[in-house]
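Student: I would like a close look at a single part of this model. Please take me through it step by step.

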Amino acid sequence: MTKWSISEQTRCRVALASPPAVPGGPTFTSELCPHADLAPLIKEVGVRTFSAGATLQFDGDEALHVMIIKSGSVRICKQTADGRRAVVGFLSAGDFIGLAALEVYSSSVEALEPVQVWRFPRAAFRQQVSRCPLLEASILLHVTSDLEAAQGQMLLLSRKAAIERLATFVLQLAYGKNEDTSGRIRAIFHMTRTDMADFLGLTTETVSRCFTRLRRAGLLYFECATVIVLLNRPKLEDVAAGGASFR
């Protein structure tokens, strides 16, 4: 989400190489994840495409598959006891879907934009992992990063003020992006402000007010509906850390 968390942890990701070692297949960024370990399964399953708004998996359904996102981004949702939707995370290219599921999926996954995935039968995926120690080690790293993300989210919701939560979220949007010659950072996103509000434990109105405060302070602006431009990352980091001027 991108896997979304507060810490900028190392994640086991699948990077899209050009050209890929297997047509339509991934090459892993880490030596712990050689692409050859999943190549046989990739040949069998091919690529599945989902349109924006489509549901890739449903909360409570039998956990039959593990997916890796080839392109696009998704939101992870759960239903609260009173029927409200809670957004608990976002995932993007290289992330696993359904990896931690036991008998049933514990959340729904919805496409924020057109998404392509490799979808593996769970039994075949587990069998392949058991045969490949390096792949098994990379999966462990991925699960560990999920735990770190969950801990970071608990900190975000329990300790940070609204403006700090949003500043932290914007910094995550820009994570890994380089500044241009003028010192600006462009980050593309596809979640709505309602998605952001649900994820951050805020209302949509509060998210909008916080964006206005950050814009008026000269820290960011929206280039268009899906592109945010950071003008002063150090100051935004100060806000995320609880800078007094924004309390």
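In which sense do β11 and strand β13 pair, and over how many bridges? Please go on from there to what surrounds them.

Tutor: Keep in mind that this is a predicted model. β11 and β13, the latter spanning residues 227-230, pair in the antiparallel sense, and four bridges join them. One residue pair to find on screen is Arg 186 with its bridge partner in β13, Val 229.

Now widen the view to the sheet. It is open and has three strands, in the order β11-β13-β12, with antiparallel pairing. The edges are β11 (185-188) and β12 (220-224), each of which pairs on one side only. On average, neighbouring strands of this sheet are turned by 30° against each other, direction ignored. As a rule, the strands of a sheet pair through backbone hydrogen bonds, either parallel or antiparallel.

Next, look at the helix on the sheet. α4, residues 162-173, lies across β11, β12 and β13. Against β13, α4 runs at about 105°.

α4 also meets a second helix, α6, residues 204-216. The two axes come within 10 Å and cross at roughly 75°. Angles of 65 to 115 degrees count as roughly perpendicular, so α4 and α6 are roughly perpendicular to each other.

Zoom in on the side of α4 first. Ala 162, Ile 163, Leu 166 and Val 170 make the contact there. From α6 come Thr 206, Val 207, Cys 210, Phe 211, Arg 213 and Leu 214. Sorted by class, this contact between α4 and α6 has eight nonpolar residues, one polar and one charged.

How values were computed: Residues numbered from 1 in each chain as written. Predicted model: local features only at pLDDT ≥ 70, side-chain atom pairs only at ≥ 80, totals over all residues. Heavy atoms only, no water. Pairing = 2+ DSSP bridges. Helix = DSSP H or I, 4+ residues; strand = E, 2+ residues; numbered from the N terminus. Axes fitted to C-alpha atoms, helices over the stretch in contact; angles between N-to-C directions. Contact = heavy atoms within 4.5 Å. Parallel < 35°, antiparallel > 145°, perpendicular 65-115°, else oblique. Nonpolar A, V, L, I, M, F, W, Y, C, P; charged D, E, K, R; others polar.
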